[in-house]
Amino acid sequence: MSDSESNRSSDSQHSSACYSSKTADWEDLPKLDAAYLSSLYLETTSDQTIDTFLKKSKLYDLKKRRWTPVHEVRTRDWRDSHKLEQAFIEVIAGVLRHFGNAGRSRKVDGYYESRNDRAWPRRVRTFYDRTSRPSLAIKATGPSFELPEKNGATLRLGYTNVASCIDVTHDENYLEDRELYIMSEHSEVYAREIFVQQPNRRFIRDIDLSRTRLRLFHWDRTGIESSDTINIHENPHIFIRVILGISSPDEEELGFDTSIQWTVDNGRKTKGTLATVNAQGQKVIYDLVDLEPIAQRFPSKGKATTCWKVRDPNTGQLFVVKDTWRLPSDNKEYEYLEKVKGLAGVAQMISFEANRCETKQFRGLDLPRNRIQDRIVLQMYGKTLDHFESAMQALCTLRDAIDGHRGVCKKEMLHRDISMSNILLGNSDAAEGNRGILIDFDSAAHGADGTVEAEESTRPALYRPATGLIGRRRKCLGMHKPAVPAYDHLDELESFYYVTYHLLHSWEGPGKSTGLPAVMKEWCNAGVGVGLDKLEFLVKPVKVDRIPPFWGQAGKELIAAYHQFFATAIRQKNSRPSHFSWFKEGPKEGFGDLGKSMDENYGYVVGLFDTAIARLEAEPSETLSSLGEGSVNRIPKRNLENDDDSDSDSEGRSTKRICVS
């Protein structure tokens with residue numbers, strides 16, 4: 001956990017920012033009719049077995065058709081709502097006890113006994129923080145659960161050991177349509193936390209109960225869907241089956257990916273395994289090096305990228321396993337990784353599993369927003385670029401990642417997501433060419449002429465090129481066919497420049513970040529006008545006086561020359577009508593003589609880094625001495641005459657927790 005806090009914090013901020021904008025109005029919430037509930041969990045038990053229980057149990061009055069403990073609760077006072085919770089605990093416990101789901105693995109539990117400690121441990125914060133725990137929950141044990149911890153103390157109940165959450169409310173709330181929206185917000189808090197704290201979870205189902213009604217919420221990586229309400233007294237068979245389903249001892253039925261399993265001792269996970277396939281398509285079981293993901297995206301729906309650090313028990317070799325949920329129309333990352341096999345400075349794939357499952361398999365509605373899970377096994381490298389240990393290591397990492405990207409472009413591909421978190425430090429023994437690794441090809445695109453249409457990406461604008469952002473602004477303003485230069489290798493080099501600018505202005509040394517430079521802070525708050533701000537920044541002379549002494553004169557000269565390169569290139573690119581394209585439609589011609597000079601442009605930029613690295617080697621400054629000789633000597637000696645691509649091994653994810661954007 002400790003190594004992931006900074007990444008989880010930044011991802012949490014991103015999640016919070018997009019949370020308010022993505023929650024649909026209650027009128028648009030996907031709803032399932034009552035027939036859906038009656039079709040769920042039919043295999044859990046037969047009608048005859050339920051009839052026998054209803055006849056014999058004191059919990060249900062067959063003549064009056066009502067659950068006696070629940071019906072007897074008359075209060076409408078919220079201060080006494082725990083009485084209704086206790087009544088449901090009695091009923092649900094009786095159902096689990098009779099049908100065999102009770103005992104060590106599943107039981108209903110609540111926090112009505114512990115009002116002084118209402119909040120469960122949270123890992124994600126959003127603007128909607130009023131509710132951090134449900135009224136009741138199905139407490140669970142097994143290979144995917146463990147006891148929660150808070151401030152070093154072990155708790156009996158939390159998001160790490162619940163199979164499902166249950167909210168108890170009053171009948172009056174079901175009469176207001178708006179209350180459905182509020183219930184769904186509560187449900188999202190629970191779903192988000194369960195997805196994070198039970199990282200092998202594929203889908204989650206929780207329920208809302210009142211004195212007479214039940215509503216089920218289903219969450220997966222497509223989003224939420226809600227059932228219509230049923231009367232629990234008039235539909236005891238459905239009620240019982242739903243309770244048995246959300247408390248099933250079968251983890252796959254609960255929504256878990258059982259290819260990832262843990263050994264649990266004394267309520268805590270102690271070791272784990274992950275099953276996948278090797279390059280020959282044969283099943284292989286890896287050991288989990290870290291019990292939790294080394295990288296994880298927080299939103300309760302979307303790609304939900306989750307990365308695991310694993311070890312081959314036979315060879316001891318380390319790998320990273322990356323799970324993602326893509327739309328059917330999204331790029332298939334494994335196809336791009338297949339094309340870059342053998343390229344130095346670029347992620348290297350070991351094997352992949354395509355189409356592992358689809359969210360439409362779990363849902364009651366056949367919605368167009370289906371998502372497909374893919375799994376990729378990658379080679380392991382170092383941490384993200386911002387974890388550099390010396391100025392030399394940082395510049396060598398950037399240099400090799402840029403040179404590796406040149407090889408990507410030669411294969412008529414563009415990455416389209418260059419960022420600090422998508423550049424990894426090479427392994428300590430890496431040769432030149434693999435000292436920096438470019439990862440994450442989720443957003444990559446093919447371009448037969450070296451260009452692709454300018455994208456309408458919603459990714460953060462910090463590292464995105466200026467011209468594409470200008471086109472997005474024009475479209476937001478309602479301009480018809482907003483002209484924008486086609487996306488090409490210069491846009492990628494521009495993103496690398498923003499990463500370099502950020503690094504050299506914001507770090508005074510290893511682990512000493514001063515935060516974003518002022519101009520980059522302005523970009524983060526500029527809205528749709530950020531493209532024009534960036535363009536203005538590029539065409540003006542850059543100030544290097546605020547670059548910390550740690551980077552020496554070499555760092556200042558690098559930024560100045562890199563910036564001047566774009567001051568010229570941007571003017572050329574925007575002055576060529578033949579290179580303009582439209583969003584979605586319209587002509588898109590090649591890049592002309594500028595396109596033909598791609599290799600020359602990369603050679604120039606890589607040469608800037610070669611010059612800076614050579615200058616660092618000659619400078620007896622704190623850039624070399626701040627960490628002692630050991631940190632510098634770990635960087636392999638460079639061959640300044642060799643700028644060609646070289647075949648070597650590549651990708652994986654960081655050895656510690658990294659940020660996935």
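A residue is called buried here when its relative accessible area is under 20%. Aspartate 167, at 9% relative accessibility, therefore counts as buried. The model in which this residue is found is a predicted one, and the same cut-off serves to describe the protein as a whole: 57% of its 661 residues count as buried.

The secondary structure comprises 20 helices and 28 strands. Among contacts between residues at least 6 apart in sequence, 74% join residues at least 24 apart.

Strand β8 offers a starting point. Aspartate 167 has its place in this strand, which spans residues 162-168. Leaving out residues up to four places away in sequence, aspartate 167 touches Pro134, Ser135, His186, Tyr190, Ile207, Asp208 and Leu209. The C-alpha atom of aspartate 167 is separated by 8.6 Å from that of serine 187, a residue 20 places away along the chain.

Valine 168 also lies in strand β8. With a relative accessible area of 10%, valine 168 is buried. Its contacts, apart from neighbours within four places in sequence, are Leu84, Glu85, Phe88, Ser135, Leu136 and Leu209. Between the C-alpha atoms of valine 168 and isoleucine 207 the separation is 8.7 Å, with these positions 39 residues apart along the chain.

The description now turns to helix packing. Two packed helices are described by the angle between their axes and by the distance between those axes. Helix α5 covers residues 82-99, and helix α3, residues 47-56, packs with it at an angle of about 125°, the axes being 12 Å apart. That angle makes α3 oblique to α5. The crossing of α3 past α5 is right-handed. On the α3 side, Thr49, Ile50 and Phe53 take part, and they meet Gly94, Val95, His98 and Phe99 of α5. By class, this contact of α3 with α5 consists of four nonpolar and three polar residues, with no charged ones.

Helix α5 also packs with α8, at an angle of about 75° and with the axes 10 Å apart. The two helices α5 and α8 are therefore roughly perpendicular to each other. From α5 the contact draws on Val91, Ile92, Val95, Leu96 and Phe99, and from α8 on Phe239, Ile240, Ile243 and Leu244. Nine nonpolar residues make up this contact of α5 with α8, with no polar and no charged residues. Val95 and Phe99 of α5 are listed in the contact with α3 and again in the contact with α8.

How far is helix α8 enclosed by the rest of the structure? This helix, residues 236-246, is largely enclosed, because 10 of its 11 residues are buried. The buried residues of α8 are Pro236, Ile238, Phe239, Ile240, Arg241, Val242, Ile243, Leu244, Gly245 and Ile246.

A further helix pair lies later in the sequence. Helix α11 (residues 391-410) and helix α18 (residues 598-618) pack at an angle of about 165°, with 10 Å between their axes. At this angle α11 is roughly antiparallel to α18. Here α11 passes α18 in a left-handed crossing. Residues that α11 brings to the contact include Leu395, Cys396, Leu398, Arg399, Ile402, Asp403 and Arg406, while those from α18 include Tyr602, Val605, Val606, Phe609, Asp610, Ile613 and Glu617. The full contact of α11 with α18 divides into 15 nonpolar, two polar and seven charged residues.

Cys396, one of the α11 residues in that contact, leads to the cysteines. A disulfide is a covalent bond between the sulfur atoms of two cysteines. The structure holds zero disulfides. Cysteine 396 has 0% relative accessibility and so counts as buried, whereas cysteine 524, at 48%, counts as partly exposed.

Two loop residues merit attention for their backbone geometry. Most residues other than glycine have a negative phi. Arginine 65, although not a glycine, has a positive phi of about 50°. Arginine 65 is found in the loop between β2 (60-61) and β3 (66-67), and its relative accessible area of 41% makes it partly exposed. Aspartate 440 is likewise not a glycine and has a positive phi of about 65°. The loop that holds aspartate 440 runs between β23 (436-438) and β24 (445-446). Aspartate 440 has a relative accessible area of 2% and is therefore buried.

How values were computed. Residues are numbered from 1 along each chain as its sequence is written. This is a predicted model: local features need pLDDT of at least 70, side-chain atom pairs count only at pLDDT 80 or more; totals for chains, interfaces and linings use all residues. Side-chain values use heavy atoms; hydrogens and water are left out. Axes are lines fitted to C-alpha atoms, for helices over the stretch in contact, and angles run from 0 to 180 degrees between N-to-C directions. Helices (H or I, at least four residues) and strands (E, at least two) are DSSP runs, numbered from the N terminus. Angles under 35 degrees count as roughly parallel, over 145 as roughly antiparallel, 65 to 115 as roughly perpendicular and the rest as oblique. A crossing is left-handed if the near helix is turned anticlockwise from the far one by less than a right angle, and right-handed if clockwise. Contact means heavy atoms within 4.5 Å. Ala, Val, Leu, Ile, Met, Phe, Trp, Tyr, Cys and Pro count as nonpolar, Asp, Glu, Lys and Arg as charged, and the others, Gly among them, as polar. A disulfide is a pair of cysteine sulfur atoms within 2.5 Å. Buried means under 20% relative accessible area, exposed over 50%, partly exposed in between (1.4 Å probe, protein chains only).
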